[in-house]
Amino acid sequence: MDFDVSDEDRMIVDTATRIGEAFGLEYWRKLDSEKAYPREIWAAICQAGLAGVALPVEHGGSGLGMVQMARAIEALTAGGAGATLAQMFMLTPIFGGVAVSSYGAETMRTDLLPKIISGKVRFSMALTEPGAGSNSLEIKTFARQNGEGWLLSGSKIWITGVEEAEKMLVVCRTTKKEDAQRRADGLSLFVIEPERAGVSHHPIEKLGTNTLSSSTVFFEDVALTREDLLGELDRGWPALLDVLNTERIVTTAGLVGAGRLALKLAGEYARNRRVFAGRPIGSYQGVQFPLAQASAEIECASLMNLKAAWLCDQGRPYGGEANVAKLIAAQAASDAIERAMQVYGGMGYAKESHLERLWRDARLFKFAPVSEEMILNFIAQHDLGLPRSY
Ligand SMILES: Cc1cc2nc3c(=O)[nH]c(=O)nc-3n(C[C@H](O)[C@H](O)[C@H](O)COP(=O)(O)OP(=O)(O)OC[C@H]3O[C@@H](n4cnc5c(N)ncnc54)[C@H](O)[C@@H]3O)c2cc1C
């Protein structure tokens, strides 16, 4: 194993750090309060080539991999954004870029990948339904054959970024579960525009991640063509799992960045705040230990995530590592931010301290895109060989 960081990776991290800090804490506080989309930072990220870091050179990407994407996101999110910025990577470079480059037809790749990399096209991804969250195979949204194409009907919930997206990756059934040989057969992926006739969407009021809307989406006989199909008909599930695992790597990288940012803020405050006998509160072990514990866990999560990313880049199985890293990162980032708020005392509750935003945003990742419980189920069953419990 080689833990050295290459010169190329170092340059990527330097660029990401510069952009992350240029659009720092105040930028995100303003956007959060206005519920405004982070247009300017995404433009800067695309201009620097970071959206295309893991995408093919022939379509304008850097042809590197998930290791570089993870490193870039860690640095970007630590600059002030926190975990939400990682969602922008999930949506477009992952659900757009990785999905299209891995499974798209040549015409789709040639059309969409350069636009994804340059920031011209943004994606959203519609999997979750009111009746199917953790149990994705229960989705009911159905595309029924109509001549050469299909008509799509059903509803989705919590679809992030659809208000701002030019494209949406839709997961639906093309063969009903009861007619499929196996539960996992009969799912298909389509790429459509949210403006297409028969699609409607409505934002949901939510706790945090205010800079990206999350919406209910309805499909009423939306016409789909062969060109909209991504990958093989009825064989969408394995392709989706493949893409979802890269999403975990991106999520974890964002949580690592958010955790490091919170610990940096906590450290700065703890070194300066004096309450008793002129001593800084950071000199008390009661203040230090929880921060040190969170720091240790965040660094372990980062390492496990880089291992998952490296395995992914080698074309080897990495789902287990990616899930473990995400589990620990979500807990450690939440703990780091929570403890940072505690260090700030009353000021941790003030908007101007930024921690309350990081706290609201990081909370999401304990249950999304995959919940703690479902990861523990996976570890118990696959790593420990215990019987499936559900
Ligand atoms: C802000 C936000 C943004 C999102 N963005 C998107 C998006 O862009 N696209 C998209 O498709 N989805 C999105 N989601 C949906 C998200 O992925 C789901 O919320 C998540 O997968 C959990 O599904 P659920 O909410 O239906 O919870 P449920 O599946 O109903 O689970 C509820 C609880 O029960 C637990 N549970 C369920 N089954 C078991 C079991 N077998 N063993 C132990 N515990 C269990 C879960 O862990 C969880 O704690 C988003 C959600 C939110 C809130």
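**Exercise 1.** Which domains does the domain assignment of the protein give?

*Solution.* The model is a predicted one. Its assignment lists domain 1 (7–122), domain 2 (125–233) and domain 3 (238–383). Take domain 2 and domain 3 next. Their centres, taken over C-alpha atoms, are 30 Å apart. Seven residues from domain 2 and eight residues from domain 3 make the contact. On the side of domain 2 that touches domain 3, three residues are nonpolar, four are polar and none is charged.

**Exercise 2.** Work out why the ligand shell lies between two domains.

*Solution.* Start with the residues. There are 21 around the ligand, and Gly-133, Ser-134, Ser-371, Glu-373 and Tyr-390 come nearest. Next, sort the shell by character: 11 residues are nonpolar, eight polar and two charged. Then turn to the elements. Strand E1 (123–126), strand E3 (149–160) and helix H11 (372–383) each provide at least two shell residues. Last, the domains. Domain 2 (125–233) and domain 3 (238–383) both contribute to the shell, so it lies between them.

**Exercise 3.** Decide how H1 and H4 are oriented: roughly parallel or roughly antiparallel?

*Solution.* Two packed helices are described by the angle and the distance between their axes. Here the axes of helix H1 (residues 7–22) and helix H4 (residues 66–81) come within 7 Å and cross at roughly 25 degrees. Angles under 35 degrees count as roughly parallel. H1 and H4 are therefore roughly parallel to each other. Their crossing is right-handed. H1 brings residues including Ile-12, Val-13 and Ala-16 to the contact, and H4 brings residues including Ala-72, Ala-75 and Leu-76. The contact residues divide into nine nonpolar, six polar and three charged.

How values were computed. Residues numbered from 1 in each chain as written. Predicted model: local features only at pLDDT ≥ 70, side-chain atom pairs only at ≥ 80, totals over all residues. Near = placed C-beta within 6 Å. Helix = DSSP H or I, 4+ residues; strand = E, 2+ residues; numbered from the N terminus. Nonpolar A, V, L, I, M, F, W, Y, C, P; charged D, E, K, R; others polar. Domains from an automatic or database assignment. Contact = placed C-beta atoms within 7 Å. Axes fitted to C-alpha atoms, helices over the stretch in contact; angles between N-to-C directions. Parallel < 35°, antiparallel > 145°, perpendicular 65-115°, else oblique. Left-handed = near helix turned anticlockwise from the far one by under 90°.
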